[in-house]
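Reader: I should be grateful for a close examination of one part of this protein. Please treat the selected position first and then place its surroundings in context.

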Amino acid sequence: MSPPDLTAEFARGFPELSVRWQAETPPEPKLLVLNEALATDLKLDPQWLRSPAGIGLLTGTEVPDDATPVAQAYAGHQFGNYVPLLGDGRALLLGELIDNDGHHRDLALKGSGRTSFARGGDGLAVVGPMLREYVISEAMHALGIPTTRSLSVVATGRDVQREGMLPGAVLARVAAGHLRVGSFQLVAQQARASGDLGLLRRLAEHAITRHHPEAAQAENPYLALFQAVVEAQASLVAQWMLVGFVHGVMNTDNMTISGETIDYGPCAFMEAYDPATVFSSIDYAGRYAYGNQPLVAQWNLARFAETLLPLFDDVEDKALNVAVETLEGFMPRYHGYWSAGMLDKFGLTGSVEAAALIDQALALLKDNTVDYTSFFRALSKAGRGEETLPGKVFDDWLAHWRSLDPDVDAMDRVNPVYIPRNHLVEQALTAGMRGDLAPVQKLLEVLAEPYRERDGLEAYAAPAPPEFGDYRTFCGT
């Protein structure tokens, strides 16, 4: 097979926001995992990807002649602090592919070496964190949650200095697009300095064409773009909350315009239900705690609105009014998605009584440190009379829930049996760092069907053992 057709749509259309760059050549590249189903969807031959030429593509060292690998430029608020220039310090956008459905998909690398945006970093990545992104992004996809996806992880044969010398790797990531709120922040910053809105308009029009084409038909397409992103993020964050996903680093440069989950650095899944759950080792104040995620999303969207104000209306007050009106709709939209999802998780139809019952259940979960994910499967079994919930604290609540005639079969279609349990992920990554990929492959196999309970996989559905302790995650840089 010949190399794939990679267009350079972003690189050619936005030279102001990209720097042409070349990936570093890994000394001894070795393919660790390949997502064959995704490759096929992208019209890539999995067998060719396993060849030296294919591995060259997956590490960025052998790209088609018409490809233009670039590091993208963007700004961003990191933990609430504005950084006027961030950019891809260790990532490259190789180009765009057309998948089997005719959709544009970005193919990008992570860990391919320092770029001009590296800001003192080494531009490299480690096997463990890249396998983490692969496992968890594919688990999110299987759960039905919009996400960037992982095509491959290639070991480089080069050690990387972190807490010690660790084996290096490059991740190949696929996305509907890599535009972020931070992309618009950088362009808006430039527009304010120059007084020229041309680049801002072009970027907004690119976002509309690529991600939200229905906005083009609106009276004000730029306002419609903002409304579409608000809607997409309200839905996305609600889905995170429903499965107990904690992103861990919701900076504005990690919020996509497409509405996909991006950047799986210090992410993890909540075990015992607690809105204050934080896993990231650097989130000292809990800014990105599980329960704060909707508020942070709204805050990030406010920053996005600020970038688009000049496109909403020539009169500043009018532009601000329409932005605020749209932004105020975020929480109602989020709560609408979350409430509907919670009713499904409990097998109930909407009513004041059902809403109160859900609130009571969440309070009981928190007060009794009950595992969030396994509770719902235990609940549907209790609804069938197959087992009882642990302890006596749920007895009165359970009787009330049963009186509402819950649909227990429907519950099993939306409540996963298997999620990337933190202890299992760590065990698999530790083995992977040693070169043993069997635990990673087994975990991927289990997580590919999260809603179908299977015999012999009880260990993959069980909460972490008590000795697992206070779990902390790291960004990998």
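**A close look at G87**

Author: In this predicted model, G87 is buried, because its relative accessible area is 9%, and buried means under 20%. G87 is located in the loop that links β5 (81–83) and β6. Leaving aside residues up to four places away in sequence, G87 is in contact with Q72, A73, Y74 and F117.

The UniProt record, an unreviewed entry, lists G87 under "binding site", together with G89, R90, K110, D122, G123, R173, R180 and D263. These positions span 177 residues of sequence and are also spread in space, with up to 23.1 Å between C-alpha atoms.

Another glycine from that record is G123, which sits in the loop between β7 and α5 (127–142). G123 is buried as well, with a relative accessible area of 5%. Among the residues that G123 touches, not counting those up to four places away in sequence, are G89 and R90, both of which the record also lists. G111, S112, G113 and R114 are further contacts of G123.

Strands β6 (91–98) and β7 (104–110) also have a part in covering helix α4, as do β2 (30–34), α3 (46–49), β8 (149–161) and β9 (165–175). Helix α4 (residues 52–59) is largely enclosed by the rest of the structure, because 6 of its 8 residues are buried. The buried residues are G54, I55, G56, L57, L58 and T59. Just after α4, G60 adopts a positive phi of about 80°.

Technical notes:
Residues are numbered from 1 along each chain as its sequence is written. This is a predicted model: local features need pLDDT of at least 70, side-chain atom pairs count only at pLDDT 80 or more; totals for chains, interfaces and linings use all residues. Side-chain values use heavy atoms; hydrogens and water are left out. Buried means under 20% relative accessible area, exposed over 50%, partly exposed in between (1.4 Å probe, protein chains only). Helices (H or I, at least four residues) and strands (E, at least two) are DSSP runs, numbered from the N terminus. Contact means heavy atoms within 4.5 Å. UniProt positions are given in the numbering used here, feature names are shortened, and annotations may be inferred rather than shown by experiment.
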